[in-house]
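Open the model in your viewer and switch to a cartoon view. Have the sequence panel ready for selecting residues.

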Amino acid sequence: MTRKWRPGTDRRGRIAGEQGALSLNGLRPAIPACRPHRPRLSAIPLFVIVVAVVALAALSLSCTWQERMEQGLALGINELRAERGLPPLTSDPQLSAIARMRAEDMANNNYFSHTPPDGCATRCLLERAGIAVGWAGEVIAWNTAPIDQSADMTIAMWRNSPQHLGVITNGCFTRMGTGAVVAPDGRIYHVAVFEGSAPGC
């Protein structure tokens, strides 16, 4: 069926001057130019989005700056391992407690070393805690970056140090713990402790 062109409409059958307020091709109402079309969100997806946002906000509020920094270190370490095709390390609460203890000791006693003043280094601390030790290692760092950038700075330093990167990417490790402490002078100390006996080690 052919339509005749009528005065007041364009050749497509739309009413002239109204930018397609009604389209005769398919008899589908068009959207006026002054009101852009916005798809309606159904109540269920909107509810899910709101719940997810509230949950994320609650999670971020429940973590201290120290916990967020330690999580950042753990994520960064696993990224370094993934870049080299290695499996991620599991975060271990006992190793994290030792890493934090090491960071606190350096921050409070103003030293920076793998060997503390009392001589009980990482392996000694693991054994004192009753942790069966296979392979063990530790990397340490300090910086004065802002709190929200400090972990990223440390990961970058470890990435650019062949010795530190070699410890982080040791294929024998299966778990890790991270610690972060701010010293009275503003330095932020980071410690990562590793342990494991992966198959073949």
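Select residues 135–143 and 188–196 together. These are strands β4 and β6, and they pair in the antiparallel sense over nine bridges. The model is predicted. For a registration point, pick glutamate 138: its bridge partner in β6 is valine 193.

Now add residues 175–182. This is strand β5, joined to β6 by eight bridges, again in antiparallel fashion. Use valine 181 as the marker here; tyrosine 189 in β6 stands opposite.

Follow the chain from β5 into β6. The two strands form a hairpin, with five residues between them. Stop at glycine 186 in the turn, where phi is positive, at about 95°.

Next, hide everything but β6 and show its side chains. Is the strand mostly covered or mostly open? It is mostly covered: nine of its nine residues are buried. Look at each face in turn. On one side sit Ile188, His190, Ala192, Phe194 and Gly196, all buried. Rotate to the other side for Tyr189, Val191, Val193 and Glu195, which are buried too. Two of these residues are already familiar: Val193 as the partner of glutamate 138, and Tyr189 as the residue across from valine 181.

Bring the rest of the chain back and select the cysteines. How many disulfides are there? The count comes to two.

Start with cysteine 120 and cysteine 124. Their sulfurs lie 1.9 Å apart in a disulfide. The torsion about the S-S bond is about -100°, so this disulfide is left-handed. Check the surface around both ends. Cysteine 120 is buried, at 3% relative accessible area. Cysteine 124 is partly exposed, at 27%.

Move on to cysteine 172 and cysteine 201, a disulfide with an S to S distance of 2.1 Å. What parts of the chain does the pair link? Distant ones: cysteine 172 is in the loop between α6 (162–168) and β5, while cysteine 201 is in the segment after β6, 29 residues apart. The S-S torsion of cysteine 172 and cysteine 201 is about -100°, so that disulfide is left-handed. Cysteine 172 is buried, with 10% relative accessible area, whereas cysteine 201 is partly exposed at 45%.

Step back to view both links. Counting bonded cysteines along the chain, the pattern is 1-2, 3-4.

Last stop: cysteine 63. Its relative accessible area is 13%, under the 20% cut-off, so cysteine 63 counts as buried.

Notes:
Residues numbered from 1 in each chain as written. Predicted model: local features only at pLDDT ≥ 70, side-chain atom pairs only at ≥ 80, totals over all residues. Heavy atoms only, no water. Buried < 20%, exposed > 50% of the residue type's maximum accessible area, 1.4 Å probe, protein only. Helix = DSSP H or I, 4+ residues; strand = E, 2+ residues; numbered from the N terminus. Pairing = 2+ DSSP bridges. Disulfide = S-S within 2.5 Å.
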